[in-house]
Amino acid sequence: MPTVDTTSKIPNNVDLASDRRLQRALEKWQPGFLEWWGDMGPSDFSENDVYLRTAISVDSDGWAHFGHVRMPDYRWGIFLEPRQADRRIPFGDNLGTPAWQEVPGEYRTDLRRIIVAQADTEPASVEQQRMLGHTSPSLYDMRNLFQVNVEEGRHLWAMVYLLHRYFGKDGRNEAEGLLERRSGNEDRPRILGTFNEPLSTWLDFFMFTMFTDRDGKFQLLALAESGFDPLAMTTRFMLTEEAHHMFVGQTGVGRVVQRTCEVMLEHPDSDPAEHGAVPLDMIQRYINYWVSSSNDLYGSEVSSNAAKYFASGIKGRAWEEKRYEDHVALEGSYEIERVENGRLVKEEVPLRNAMNEVLRSEYTVDNQKGIDYWNRIVARHDLDFEFRLPSRRFRREIGLHAGFHFDLEGGLVDEAAFENGCPSWIPTQEDRDHVESLMEPCLEHGKIAGWIAPPAKGIQGQPFEFDYVRL
Ligand SMILES: [Fe+2]
Ligand SMILES: [Fe+2]
């Protein structure tokens, strides 16, 4: 792996300088990216110094530099984990053969589609979050938002590098398209549904980074096993950055829970909403909403595409090499449930066809850890409430359960029962109005809005009252 070049126009560790054509092509794409950032990145605050971490290497200790920087001056770069000598394809029909250093012709279309779908989510989330800076509950939170934003921008760079380097003219066209689609736009929407949903409050932002970024984590884990080596090396490094995004989500919701618990103890006989907090059952409805929306991102429970991707060695399971012994997956089956004649019936499907569901179930295990973490916060306050994950069947629009109605436990219900249940299952307009009403910015040093508790500690050893954003 060449050393990191942080001084050139595009910081990189892929020896860009040795490939003039590629370098020129990416330098041509760069102004478009910066224009997109200016138009669709965080609204305002481009003149303010923000305490950001910037990737400057891929060393496990010390890959990031922390310092105050204006967001438009952020050094978006291309960083791949070092190539493992003699890496072999770790699963599927090509198991054990050398990992591909170039795109095999027969998998070109599939690989391009997968990379574009991943790439599209990165700018989409920046667009969804662009107004949130104006209602930050603290400077600490504002900084975390901007950190997530600039890193999603870097992830776009990571994917665009692959498109430019390995997919010729098609790849360059796709890279242009990534700057043209817009989250929520009717004519040119982002590819995946969840990434077109508006994020108007910080509670949504925390839920999004907890549950939707976590879908990203699992997609990246599956791609980190890919037989296409540059994709594996790219996504491995993205995972390093991604961890912070989920930290923002999990602790963000946790701090909302914490504050609500404090208010409940201070005012045991009244509704915490009256005291400027978010009631626990309301938080639960936001969980139900974002989990169900994010569950759709994995695609259908039974999928011939997923089987094809696994067979060819393009996309594996999370922790494929570490976690599994049988990497061919031709013999196993996977139990799914589907509706037949008005009832849920169990069915065994070939394991390869169930790879989306395998990934979704790993994701669910990870989600549960967040739920447990929030429940421990409630328990510490001696309050009687438990958060729960909704069933994977709840409110699905993609896959076997789309078109049917299920309750939170996954029981099949008719449409009337579903409509009846919704006001207690997902945020109502009243809930949304209440949460919106709390979104007053709090931008004084060391201060925090009333609906959320301060963090247990600051960033990179700095105190909470540090000047994370210089306004
Ligand atoms: Fe990302
Ligand atoms: Fe992320």
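Trainee: What is the phi of Gly168, just after helix 3?

Mentor: Gly168 takes a positive phi of about 55 degrees. Bear in mind that this is a predicted model.

Trainee: How do you know that the span of helix 3 agrees with its number of residues?

Mentor: Set the expected span against the model. Helix 3 has 28 residues, and at 1.5 Å a residue these should span 40 Å. The end C-alpha atoms are 41 Å apart, so the two agree.

Trainee: Why is helix 3 called largely enclosed by the rest of the structure?

Mentor: The cut-off for buried is 20 or more other C-beta atoms within 10 Å. In helix 3, 27 of the 28 residues are buried, so the helix is largely enclosed.

Trainee: Which residues touch the most other members of the largest nonpolar core?

Mentor: Ile115, Val160, Met207 and Val256 do, in a core of 110 residues. Helix 3, residues 139-166, gives the most to this core, with 16 residues.

Trainee: What is Val160 in contact with, leaving aside its neighbours within four places in sequence?

Mentor: Val160 is in contact with Trp29, Ala119, Ala175 and Leu178. The test for contact is C-beta atoms within 7 Å.

Trainee: What makes Asp44 exposed?

Mentor: Exposed requires 12 or fewer C-beta neighbours within 10 Å. Asp44 has 10, so it counts as exposed. Asp44 is found in the loop between helix 1 (20-40) and strand 1 (49-55). Its phi is near 65 degrees, a positive value in a residue other than glycine.

Trainee: And why does Asp86 count as exposed?

Mentor: Apply the cut-off of 12 or fewer again. Asp86 has 7 C-beta neighbours inside 10 Å, so it counts as exposed. Asp86 lies in the loop between strand 2 (64-70) and helix 2 (108-128). Its phi is near 60 degrees, again positive in a residue other than glycine.

Trainee: How do you know that strand 3 and strand 4 pair?

Mentor: Pairing needs at least two bridges. Eight bridges join strand 3 (residues 333-340) to strand 4, and the strands run antiparallel. Within this pair, Glu335 stands opposite Glu348 in strand 4.

Trainee: What is the phi of Asn341 in that hairpin?

Mentor: Asn341 takes a positive phi near 50 degrees, and the hairpin has two residues between the strands.

Trainee: What makes strand 4 hardly covered?

Mentor: Count its buried residues. Strand 4, residues 343-350, has eight residues, and the number buried is zero. Hence the description: strand 4 is hardly covered.

Key:
Residues are numbered from 1 along each chain as its sequence is written. Chains are lettered from A and ligands numbered from 1 in the order in which they are written. This is a predicted model: local features need pLDDT of at least 70, side-chain atom pairs count only at pLDDT 80 or more; totals for chains, interfaces and linings use all residues. A nonpolar core is a set of buried Ala, Val, Leu, Ile, Met, Phe, Trp, Tyr and Cys residues joined through C-beta atoms within 7 Å. Helices (H or I, at least four residues) and strands (E, at least two) are DSSP runs, numbered from the N terminus. Two residues are in contact if their C-beta atoms, placed from the backbone, lie within 7 Å. The expected span of a helix is 1.5 Å times one less than its number of residues.
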